[in-house]
Amino acid sequence: MGAYEEKKETCGTVCLKYLLFTFNFLFWLAGGVVMAVGVWTLAEKSDYISLLPSKTYAASAYILVLAGAIVMVTGVLGCCATFKEQRNLLRVVRDLDVCMAVFVLYVFSICCLSSVA
C-alpha cells in the first residue's frame, strides 16, 4: 500500500525512447536548415527582391524563416519531453505536429487547386 514502484524499463521502451529522441533531434536540425535557407535568402538575395514584380519571393523567404522556427521549437520540446519522460508535453508536441501536417496539406491543396483553375 503506497509503496514506491520502480519504472520497468524493457529493451523495447528504452529503444523507443532513444528513437523518439533521435527523431526529434533530426526534426530540430531540419528546422534549423529550413530557417537558415530562409535567412540566407533574405540576406544574400535581397537585392533581387526589388527587381521582381511580385512579392511572392520575399513572402516565401519569411515563410521559410517562420516555419523553420516553429519546427525547431517543436523539435526542442519533443527532445525535452522524451528526455524527461513527460507525457503531457509529448501530447503537446504530437498536437503541434498534427497541426503542422494539416496546415501543410491545406496549403498544398490550395496551391494544387489554384494551378489547375
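Helices here are DSSP runs of H or I at least four residues long, numbered from the N terminus. With that in hand, welcome to a predicted model of a chain that has four helices and zero strands. Along the sequence, the pattern reads α-α-α-α. This briefing walks through the overall build, the record's annotated segments, the aromatic residues, the nonpolar patch and the charged pairs.

**Overall build**

- The chain has 117 residues, and 15% of them count as buried.
- About 9200 Å² of the chain is exposed, with carbon and sulfur atoms supplying 73% of that area.
- Among contacts with a separation of 6 or more, 67% come from residues 24 or more positions apart.

**Segments listed in the record**

- An unreviewed UniProt entry lists residues 18-41, 61-83 and 95-116 under "transmembrane region".
- Residues 18-41 are 100% helix and 0% strand in the model, and the C-alpha atoms at the two ends are 34 Å apart.
- Residues 61-83 are likewise 100% helix and 0% strand, with 33 Å between the end C-alpha atoms.

**Aromatic residues in α1**

- The model has two aromatic pairs, and one of them joins Phe23 and Phe27.
- The ring centres of Phe23 and Phe27 are 5.8 Å apart and their planes meet at 20°, so this pair is stacked; the cut-off for stacking is under 30 degrees.
- Phe23 and Phe27 sit four residues apart in helix α1, which means that about one helical turn separates them.
- Phe23 counts as partly exposed, because its relative accessibility is 48% and that class runs between 20% and 50%.

**The nonpolar patch**

- Phe21, Phe25, Leu26, Trp28, Leu29, Val76 and Phe83 together make a nonpolar surface patch of about 640 Å².
- Two elements, α1 (11-44) and α3 (56-84), each give two or more residues to this patch.
- Helix α1 is the biggest contributor to the nonpolar patch, giving five residues.
- Phe25, one of the patch residues, is found in helix α1 and is partly exposed at a relative accessible area of 38%.

**Charged pairs**

- As a general point, side chains of opposite charge can pair when their charged atoms come close.
- The structure holds two salt bridges.
- One salt bridge links Glu85 with Lys17, and their closest N and O atoms are 3.0 Å apart.
- Glu85 lies in the loop between α3 and α4 (87-116) while Lys17 belongs to helix α1, so this pair ties together parts that are 68 residues apart in sequence.
- Both partners are partly exposed: Glu85 has a relative accessible area of 34%, and Lys17 has one of 24%.
- Another salt bridge links Arg94 with Asp95, where the closest N and O atoms are 3.3 Å apart.
- Arg94 is partly exposed at 48% relative accessibility, and Asp95 is partly exposed at 40%.

Methods
Residues are numbered from 1 along each chain as its sequence is written. This is a predicted model: local features need pLDDT of at least 70, side-chain atom pairs count only at pLDDT 80 or more; totals for chains, interfaces and linings use all residues. Side-chain values use heavy atoms; hydrogens and water are left out. Patches are made of residues with over 30% relative accessible area and no salt bridge: like charges are joined within 9 Å, nonpolar side chains (Val, Leu, Ile, Met, Phe, Trp, Tyr) within 5 Å. Accessible areas come from the Shrake-Rupley method with a 1.4 Å probe; for residues, only the protein chains shown count as cover. A salt bridge is a side-chain nitrogen of Lys or Arg within 4 Å of a carboxyl oxygen of Asp or Glu. Buried means under 20% relative accessible area, exposed over 50%, partly exposed in between (1.4 Å probe, protein chains only). Rings of Phe, Tyr and Trp (its six-membered ring) pair if their centres lie within 6.5 Å; planes under 30 degrees apart count as stacked, over 60 as edge-to-face and the rest as tilted. UniProt positions are given in the numbering used here, feature names are shortened, and annotations may be inferred rather than shown by experiment. Contact means heavy atoms within 4.5 Å.
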